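The following paragraphs lead through the structure shown here, taking up its charged pairs, its metal site, its helices and its backbone geometry in turn.

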Amino acid sequence: MALLTIRHYPDPVLQQVAQPVTEIDEFIKTLAQNMVETMYAAPGVGLAAPQVGISQRLIVLDCAPKDEPSQLIIAVNPVVVSREGEQFEEEGCLSVPGYYCRIHRSQRITVRFLDLQGQAVEMVAEDFQAVAFQHEIDHLEGLLFVDHLSSLKKSMFRKKYTKIMEQQEQQL
Ligand code: NI
């Protein structure tokens, strides 16, 4: 097990469309375990492979509330197959440190993916877990949550993020 380096916006790997996983081999299994460890250490509730520099369609998430048993999901080649309703909740991202904003998402989605044993899984996710799935699957399309902002709000984000990054560099 190893902690992986999380890539930050504007790293180009975050803007690439990730490749489907064609074989769940030792590389993918080890990557998944290391992503889980990296997510918990951050701490975060989700992580997509492009965030650790690997442009493949693999995500991990755990949306369990603090002090409750984990609900770890490792999803290979995840796809949203249906969606209903709307929600508008605050999001952040380990690849966009220090910035949070509300984003429109579907309230309830059905997701299909393969688990690490190669078994097909179909599940319904709602509310916060639905947000996490949509956010992580977006990463596989090269999209960040801030890409859902209007162009005006996105230019405000860029200015604010530049300041956040400058402050962090000064602290190092
Ligand atoms: Ni993210």
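A salt bridge is taken here as a side-chain nitrogen of Lys or Arg within 4 Å of a carboxyl oxygen of Asp or Glu. The pair formed by Lys154 and Asp147 meets this criterion, because its closest N and O atoms are 2.5 Å apart. The two partners differ in their surroundings: Lys154 is buried, at 14% relative accessibility, whereas Asp147 is partly exposed, with a relative accessible area of 29%. The model is a predicted one, and under the stated criterion it contains 8 salt bridges. Side chains of opposite charge can pair when their charged atoms come close.

A further salt bridge joins Asp138 to Arg105, with 2.9 Å between the closest N and O atoms. This pair connects distant parts of the chain, since Asp138 belongs to helix H2 (residues 127–140) and Arg105 to strand E5 (residues 101–105), 33 residues apart. Asp138 counts as buried, with 12% relative accessibility, and Arg105 is likewise buried, its relative accessible area being 5%.

Towards the start of the chain, the side chains of Asp11 and Arg7 form a salt bridge with an N to O distance of 3.1 Å. Asp11 is counted as buried at 18% relative accessibility, because the limit for that class is under 20%. Arg7 has a relative accessible area of 29% and is partly exposed. Elsewhere, salt bridges link Glu84, Arg108 and Glu126 into a network.

Which residues supply the protein donors of the nickel ion? They are Cys93, through SG, and His135 and His139, each through NE2, at 2.1 to 2.2 Å from the ion. In sequence, these donor residues follow the spacing C-x41-H-x3-H. Cys93 lies in the loop between strand E4 (87–91) and E5, and His135 lies in helix H2, so this pair ties together parts that are 42 residues apart in sequence. Cys93 and His135 are both buried. Helix H2 thus contributes to two of the links described so far: it holds His135 of the nickel site and Asp138 of the salt bridge to strand E5.

Attention now turns to the other helices. Helix H1 covers residues 26–41, 16 residues in all, and its first and last C-alpha atoms are 22 Å apart, close to the 22 Å expected at 1.5 Å a residue. Its buried residues are Ile28, Leu31, Ala32, Asn34, Met35, Val36, Thr38 and Met39. These buried residues pack against three strands, namely E1 (46–48), E2 (58–61) and E3 (73–84).

Helix H3 comprises 21 residues (151–171) and spans 30 Å between its first and last C-alpha atoms, close to the 30 Å expected at 1.5 Å a residue. Where do its buried residues lie around the helix axis? The residues concerned are Lys154, Phe157, Tyr161, Ile164 and Met165. Viewed down the axis of H3, they fall within an arc of 100°, so they line one face of the helix. An α-helix has 3.6 residues a turn, so residues three or four places apart point the same way. The other side of H3 carries exposed residues: Leu152, Met156, Lys159, Lys163 and Gln170. Lys154, one of the buried residues of H3, is also the partner of Asp147 in the salt bridge with which this account began.

The backbone geometry completes the picture. Two cis peptide bonds can be located, each leading into a proline. One runs from Tyr9 to Pro10, with omega near 10°, and Pro10 lies in the segment before H1. Another runs from Ala42 to Pro43, with omega near -10°; Pro43 is found in the loop between H1 and E1.

Positive phi values occur at two residues that are not glycine. For Asp67, phi is near 70°. Asp67 sits in the loop between E2 and E3 and is exposed, with a relative accessible area of 83%. For Asp127, phi is about 50°. Asp127 is found in helix H2, and with a relative accessible area of 39% it is partly exposed.

Definitions and conventions: Residues are numbered from 1 along each chain as its sequence is written. This is a predicted model: local features need pLDDT of at least 70, side-chain atom pairs count only at pLDDT 80 or more; totals for chains, interfaces and linings use all residues. Side-chain values use heavy atoms; hydrogens and water are left out. Buried means under 20% relative accessible area, exposed over 50%, partly exposed in between (1.4 Å probe, protein chains only). Helices (H or I, at least four residues) and strands (E, at least two) are DSSP runs, numbered from the N terminus. Donors are N, O and S atoms within 2.8 Å of the metal (3.2 Å for Na, K and Ca); water is not among the atoms, so sites may look incomplete. The expected span of a helix is 1.5 Å times one less than its number of residues. Contact means heavy atoms within 4.5 Å. The arc is that of the directions from the helix axis to the C-beta atoms.
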